[in-house]
Amino acid sequence: MLKQGNKTIGLALGGGGARGAAHVGVLQVLHNEGLRIDQIAGSSAGAVVGAMYAATKDPIWVENRFNKFINSKMFKSLGTDRMIPDRDPHSAISQIAKKVQDQFVLIMSMNKTFILKKDRLRSALDFLLPVKTFEELKIPLKITATDIQTGEVQIYSSGDLLEAVVRSASIPGYIEPTHSEEKIILDGSVGLPNPISLISQLVDSTIAVDVKKTITPNLNNLNIYEILQRCELISYTNYLDQQLLEADLVIRPVTLNIHWSQFDQLPALISSGRTATEMVIHDLEKLLLKSKKWSKRINRLFKQKTY
């Protein structure tokens, strides 16, 4: 068991679709070690898992709820299985099928802004979340979304929890955007892949969980689409890594570059989250023994006075 004492801990959970299931495994190990989480911030999948844990403080309940959801008709109606990429891109048939699929997606994307209505996602999250307002949570929570009109990050910490999580988890191109006044709001991980900056000055130590895809040297049969995808991944990775520098400890579960829609991989991802956390318990123990950072304490006092 970890000895936390009076030291406050913040947990930042990043986005990644199905890869966000690794957050559940991380929480289970931290919970079993007796670690008290004082602040949570989440983007996209991290907002979903963060809200479920902040409402219950029970990571086993979170896993069981996800399992119940994955086996429900409601989940099947989301159609995420149709988004899973071809498992064997090197076969001739698969390459032809991919070219046809890419052409279809290109044509469709010129005429539509989303595939799935926002109400479908709302129903799914309504099933997953045991409470509907921030005020009912047991742990303070901050959730992000992104206004794609301006690029500004939207931060939610009070009021309608369900609506905040829906906005944060609205995957671009897949879920219908939220139109609010002049804003067009989508996925929180677009503007802030890991929201560590929202809580780093509110606590003594911060832990970030990183579930992004990794850059692997496996580029074959190059085409324009693959080049653009790789360039986007490089930009996203570099931006996210800069954000993670603000964390005192980063937990990086092995996600095997699983596609965001591969929810059938939940058990493996949760297990990976547990393994990654168990590997850094010694580092976490050392972090808890360190003296409080005076700069954070002063900044925290200043923030408290200005509210």
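A residue is called buried when its relative accessible area is under 20%, exposed when it is over 50% and partly exposed in between (1.4 Å probe, protein chains only). The model discussed here is predicted, so local features need pLDDT of at least 70 and side-chain atom pairs count only at pLDDT 80 or more, while totals for chains, interfaces and linings use all residues. Residues are numbered from 1 along each chain as its sequence is written, and side-chain values use heavy atoms, with hydrogens and water left out.

The protein chain has twelve helices and eight strands; these are DSSP runs numbered from the N terminus, helices being H or I over at least four residues and strands E over at least two. Of its 307 residues, 50% are buried. Taking a contact as heavy atoms within 4.5 Å, 80% of the contacts between residues at least 6 apart in sequence join residues at least 24 apart. The chain exposes about 15900 Å², and carbon and sulfur atoms supply 56% of this area; accessible areas come from the Shrake-Rupley method with a 1.4 Å probe, and for residues only the protein chains shown count as cover.

Helix 7 (residues 161–168) is a good place to begin a tour. Eight of its eight residues are buried, so helix 7 is largely enclosed by the rest of the structure. Charged residues are among them, including Glu163 and Arg167. At the start of helix 7, a side-chain oxygen of aspartate 160 comes to within 3.2 Å of the backbone nitrogen of leucine 162.

Salt bridges (a side-chain nitrogen of Lys or Arg within 4 Å of a carboxyl oxygen of Asp or Glu) number ten in the structure. Within helix 7, glutamate 163 pairs with arginine 167, with 2.7 Å between the closest N and O atoms. These two residues are four residues apart, so about one helical turn separates them. Relative accessible areas are 12% for glutamate 163 and 14% for arginine 167. Glutamate 163 also forms a salt bridge with lysine 118, at 2.9 Å between the closest N and O atoms. This pair links distant parts of the chain, since lysine 118 belongs to helix 6 (residues 118–128) and glutamate 163 to helix 7, 45 residues apart. Both partners are buried. Together with Arg122, the residues Lys118, Glu163 and Arg167 are linked in a network of salt bridges. Elsewhere, aspartate 38 and arginine 36 meet in a salt bridge of 2.9 Å, N to O, and arginine 36 counts as partly exposed at 34% relative accessibility.

Aromatic rings were examined next. Rings of Phe, Tyr and Trp (its six-membered ring) pair if their centres lie within 6.5 Å; planes under 30 degrees apart count as stacked, over 60 as edge-to-face and the rest as tilted. By this rule there are four aromatic pairs. Phenylalanine 69 and phenylalanine 127 have ring centres 6.0 Å apart and planes at 35°, so the pair is tilted. Phenylalanine 69 lies in helix 3 (residues 59–70) and phenylalanine 127 in helix 6, so the pair ties together parts 58 residues apart in sequence. At 6% relative accessibility, phenylalanine 69 is buried. The rings of phenylalanine 75 and phenylalanine 263 have centres 5.7 Å apart and planes at 75°, so this pair is edge-to-face. Phe69, Phe75, Phe127 and Phe263 form one aromatic cluster.

Finally, leucine 222 is found in the loop between strand 7 (205–209) and helix 9 (224–244), and counts as exposed at 53% relative accessibility.

Technical notes: A polar contact is a pair of N or O atoms within 3.5 Å; within protein, one must be able to donate a hydrogen and the other to accept it, and residues adjacent in sequence count only if both atoms are side-chain atoms.
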